[in-house]
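Got the model open in your viewer? Set it to cartoon, keep the selection box handy, and let's walk through it stop by stop.

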Amino acid sequence: MSGDRPVPEPPAFPGRRWLLPSAVLDPADPGGGPPARRPRRTARDWVVDFTCFLLAVGIGLLALDTVNKEVGLPDAYATLDQVLGALACAAVWLRRRRPTGLAVAMVPVCFVSATAGGAGVVALFTLTVHRPFRYVAGVAGVSVLLNPVFYWLRPDPDISYPWAVFLSVLLTGAVVGWGMFVRSKRQLMLSFRDRARRAETEAALRAEKAQRLAREAIAREMHDVLAHRLTLLSVHAGALEFRPDAPRAEIVRAAGVIRESAHEALQDLREIIGVLRAGDSDDAGRPQPTLAALDGLVAESRVAGMKVVLDSHVTDPAAVPASVGRTAYRIAQECLTNARKHAPGAEVTVTVSGAPTDGLTVRVRNPAPPGEVPPVPGSGQGLIGLTERATLAGGRLEHGPEADGGFEVRAWLPWA
């Protein structure tokens, strides 16, 4: 479709996947893990995880100095504090696999062990990045409530109690805020990727629909153009087959009609294929009959041996729009083709009437055939195609058998 804009492809980072976190890698991309399995850590993830581990250890060592300065702290408890701190720092490596479990476990551990504070900060940050806010609010809220109790039971020897509580709450808020910022950036990147993928899918669907409509238009045009010519060939070839003893003049005339119809069918086919190859619009290069060509169509049918009566009551034929005239011509052409196949020998009446204010009416009627008609193979798509043509032109088309055994097609087209 010429009016569609090209869809921008999502950004790709060939050879630089190690710069991205594994949480935002597309498992469908080359190098990503299968959808059923969590993506493997990238080089960036290893650097970040090692940095978080060092941060937890560093904060734990700073807290160890504070533990050593605490007055009246039993040695066994100080040892327990350090052991829990070491285990908490080691557990930081599980933060990507179990962010919620690690953060929840760090709440009681940090309440008991001061050296586990760094691991608690890392666990809270990881929970904020990887999980919805309701999980973060619960863990951070419990931590904020326990901090005053912790500093009341184990006061900091260098900072007053109000400042210690204030700084702990400030640190918790800063960690949560930074984690939410990182999470929002990742979600924005994932949303861009999903939007690009949906846009590609929609573009593919639009292209497929356009191809289907183009194929239907091609099939309809080829049916309308070639069915009339091929029916003439069939009629005259059948006459030569069943009347080999016909007069020479009649045989020559039938052979001339067959040759001329075959030549015109090939010419029409070449023009249609030429338009398809050139990719031009519907108005360039393709044979475009108008209402004025209806007289030639009727004359051609009469030469083929049909009995056709044309009754035209159009106020100003030259003023009929080209698209309306072309649709009326195709309707009459298909109706004459059907009458030649299904009612040979019957007189066909083509009535065309209309005015700019009333629209254009095309009526094609034939009585019952004078004799028995052998079954004629057909797809039954001709009348369906005519109905679609009339609808696309803004009009309507009705058809059906009559009480006397005849058949009538009546179409109305807007004339604006």
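Start by selecting Thr-327, Arg-330, Ile-331, Glu-334, Cys-335 and Asn-338 in H9, then add Gly-382, Leu-383, Leu-386, Arg-389 and Ala-390 in H10: these are the residues through which the two helices meet, a contact being heavy atoms within 4.5 Å. Colour them by class and you get five nonpolar, three polar and three charged. For that colouring, Ala, Val, Leu, Ile, Met, Phe, Trp, Tyr, Cys and Pro count as nonpolar, Asp, Glu, Lys and Arg as charged, and the others, Gly among them, as polar.

One thing before moving on: this is a predicted model, in which local features need pLDDT of at least 70 and side-chain atom pairs count only at pLDDT 80 or more, while totals for chains, interfaces and linings use all residues. Residues are numbered from 1 along each chain as its sequence is written, and side-chain values use heavy atoms, with hydrogens and water left out.

Now show H9 (residues 322-342) and H10 (residues 382-392) as whole helices: they pack at about 165° with axes 10 Å apart. The axes are lines fitted to C-alpha atoms, for helices over the stretch in contact, and the angles run from 0 to 180 degrees between N-to-C directions. H9 is therefore roughly antiparallel to H10; angles under 35 degrees count as roughly parallel, over 145 as roughly antiparallel, 65 to 115 as roughly perpendicular and the rest as oblique. The crossing of H9 and H10 is left-handed, meaning that the near helix is turned anticlockwise from the far one by less than a right angle (clockwise would be right-handed).

Stay in H9 and zoom in on Thr-327. Is Thr-327 buried or exposed? It is buried, with a relative accessible area of 8%; buried means under 20%, exposed over 50% and partly exposed in between, using a 1.4 Å probe and protein chains only. Leaving out residues up to four places away in sequence, Thr-327 touches Arg-389, Ala-390, Ala-393 and Leu-413. Draw a C-alpha to C-alpha distance from Thr-327 to Leu-392 and you should read 9.7 Å, for a pair 65 residues apart in sequence.

Next stop: Val-314, in strand E1 (residues 307-314). With a relative accessible area of 12%, Val-314 is buried. Which residues does Val-314 touch, beyond its neighbours within four places in sequence? Show Leu-291, Val-320, Val-352, Ser-353, Gly-354, Leu-360 and Trp-415. The C-alpha atoms of Val-314 and Val-352 are 6.7 Å apart, although their positions lie 38 residues apart along the chain.

Now jump to H2 (residues 75-91) and H3 (residues 99-112), which pack at about 160° with their axes 10 Å apart. H2 and H3 are therefore roughly antiparallel, and their crossing is left-handed. Select Tyr-77, Asp-81, Leu-84, Ala-88 and Ala-91 on the H2 side, and Leu-102, Met-106, Val-109 and Val-112 on the H3 side. The class count here is eight nonpolar, no polar and one charged.

Keep H3 on screen and add H4 (residues 117-130): the two axes come within 9 Å and cross at roughly 150°. That makes H3 and H4 roughly antiparallel. The H3 side of the contact includes Pro-99, Thr-100 and Cys-110, and the H4 side includes Gly-117, Thr-126 and His-130. By class, the contact holds eight nonpolar, five polar and no charged residues.

For a side trip, select Phe-53 in H1 (residues 43-69). Phe-53 is partly exposed, at 22% relative accessible area. Its contacts, setting aside neighbours within four places in sequence, are Cys-89, Ala-90, Val-92 and Trp-93. From Phe-53 to Ala-91 the C-alpha distance is 9.0 Å, with the two residues 38 apart in sequence.

The last residue to pick is Thr-172, in H6 (residues 161-242). Thr-172 counts as buried, at 11% relative accessibility. Beyond residues up to four places away in sequence, it touches Leu-124, Ala-140, Val-144 and Asn-147.

Finally, zoom out. The protein has ten helices and five strands, where helices (H or I, at least four residues) and strands (E, at least two) are DSSP runs numbered from the N terminus. Of its 416 residues, 34% count as buried.
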